[in-house]
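Work through the two exercises below with the sequence and the coordinates at hand, and compare each of your steps with the worked solution.

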Amino acid sequence: MNKIVSRTFADAFFAMKADSKNAIFFEGGSCRIAQRLMTDPNYMPTQTDFPEYDPSCWSNIEEDCSSLRSEITEFLTGDTPPIPGQRDKPSEPTEDTPLARLKTYAKTYWQLTSADVELTHLCNCRCRFCYLASYENSGLRLEELQRIGSALKDAGVIFTSLTGGELFLRPDAMDILQLFTDLNFMLEIKSNGTLLDAAKIETLARLPIFDMQISIYETADGFSATTQRSYPFTQVTESIKQLASSEVPLTLSVTVGKHNVDRLDEIHHALKQIADIAIFYSPYITPRRSGADDGITFRLSTTEMQEKLLPFLRRTGNFSKMEPYRDCTACLHPCTAGITQVAIDPLGNLYPCLDLPVVIGNVRHGDVDTLLSSATRGQAMSRFRMADMAQCLECDVREYCDSCVGISLLENGTHTRPARHKCDVVRFFTLNEP
């Protein structure tokens, strides 16, 4: 597969190879011809490509375009280094990479680059700490997803995270994945892996997948007290092996709580017997969208994280310190929700992110382009100001946290008082050494 996913912004350009994850990012007026150079590196720009510039600037424009052509040619021939792997880190990349520069640009100019799309709330599990409020909605129709996907692309979105519920409960799941592929997105897929088969995996291997995350709940077949259903671990294992052998970018995800913290070594050993795949162990458990419920009782205490989780992560080499996320002296808003990312649920409701229950509008019934505009998103996010979050501004790890105003709203009724569990998890990954 040699698919290239690219976007041209107002004065910037980003492209990534789906197979190697090599990427390029440029800023400046010359970027308007970058896409044309991607398809025809020999194209020679003329002054008509830059009508608003004075002819006296032409020599500088030619020089910029020449440099642009050289870098694009190197990118197309495979001479640019791949971006560093970041999927197993709970933070943003800090290196001077194309992806890092894209993130900086997107935050500065409110440029959408990612969208979470919940394809269904149907699920064959009933995890006791699940964040879904219900499991009844089957999702948007394929033609609706076509229209919404086109609007997301026009808005500049590059990465679409497709999830559920369990997305493979939809009979048209593979058609949807192909649809977003045809629209030129990089795909992130989240699944419990219980419904995969050889045919699906063969198709997945041909798609531009940035990461496929498989959530793991048990390491044995039979009834699961966690999912409250029969759990087919052997079947999940075989699917993971096939995905790995097909070179599908893959991450295994384990939610760590009181239900399994004493069995982590056993779980890790079982998963490492399947294949050499990155495993992400997360103690972060969010409340149900309908409000905090008994699911949060599975959360580890700070003592359990320090005395049980930390030694395990150090022992297995799975501890990753957080990198700085924001500059609280300069940022107006606490996180990038609604700024560089949005989320869409199976009813068509548009949110700043999956954890922030503020409806921007409904993409099924409203003007999608208007709803995705920076003006509409800015209005929705105007109430969430860093200046109003006194406790966060005084915190010693404030630069490493996104404050998660959505979880604060659900648990405290206000975003200005931080959610204690979020604070505990950030401090755990910030103040401890590997």
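A contact means heavy atoms within 4.5 Å, while helices (H or I, at least four residues) and strands (E, at least two) are DSSP runs, numbered from the N terminus. The model is predicted, so that local features need pLDDT of at least 70 and side-chain atom pairs count only at pLDDT 80 or more, whereas totals for chains, interfaces and linings use all residues. Residues are numbered from 1 along each chain as its sequence is written, and side-chain values use heavy atoms, with hydrogens and water left out.

**Exercise 1.** Describe the overall fold of the protein chain and judge its compactness by the radius of gyration.

Solution. Begin with the elements: the protein chain holds 14 helices and 14 strands. Its radius of gyration (over C-alpha atoms) is 22 Å, close to the 22 Å from the globule rule (2.2 Å times the number of residues to the power 0.38) for 434 residues, so the chain is as compact as a globular protein of that length. Finally, 54% of the 434 residues are buried (under 20% relative accessible area, 1.4 Å probe, protein chains only).

**Exercise 2.** Which residues of helix 3 are buried, and against which strands do they pack?

Solution. First check the geometry: helix 3 covers residues 98-109, and at 1.5 Å a residue (times one less than the number of residues) its twelve residues should span 16 Å, which agrees with the 16 Å between its end C-alpha atoms. Next, the buried residues of helix 3 are Pro98, Leu99, Ala100, Leu102, Tyr105 and Ala106. These buried residues pack against strand 2 (12-17), strand 3 (23-27) and strand 5 (159-163). Last, Trp110 follows helix 3 and has a positive phi, near 55°.

Definitions and conventions
Buried < 20%, exposed > 50% of the residue type's maximum accessible area, 1.4 Å probe, protein only.
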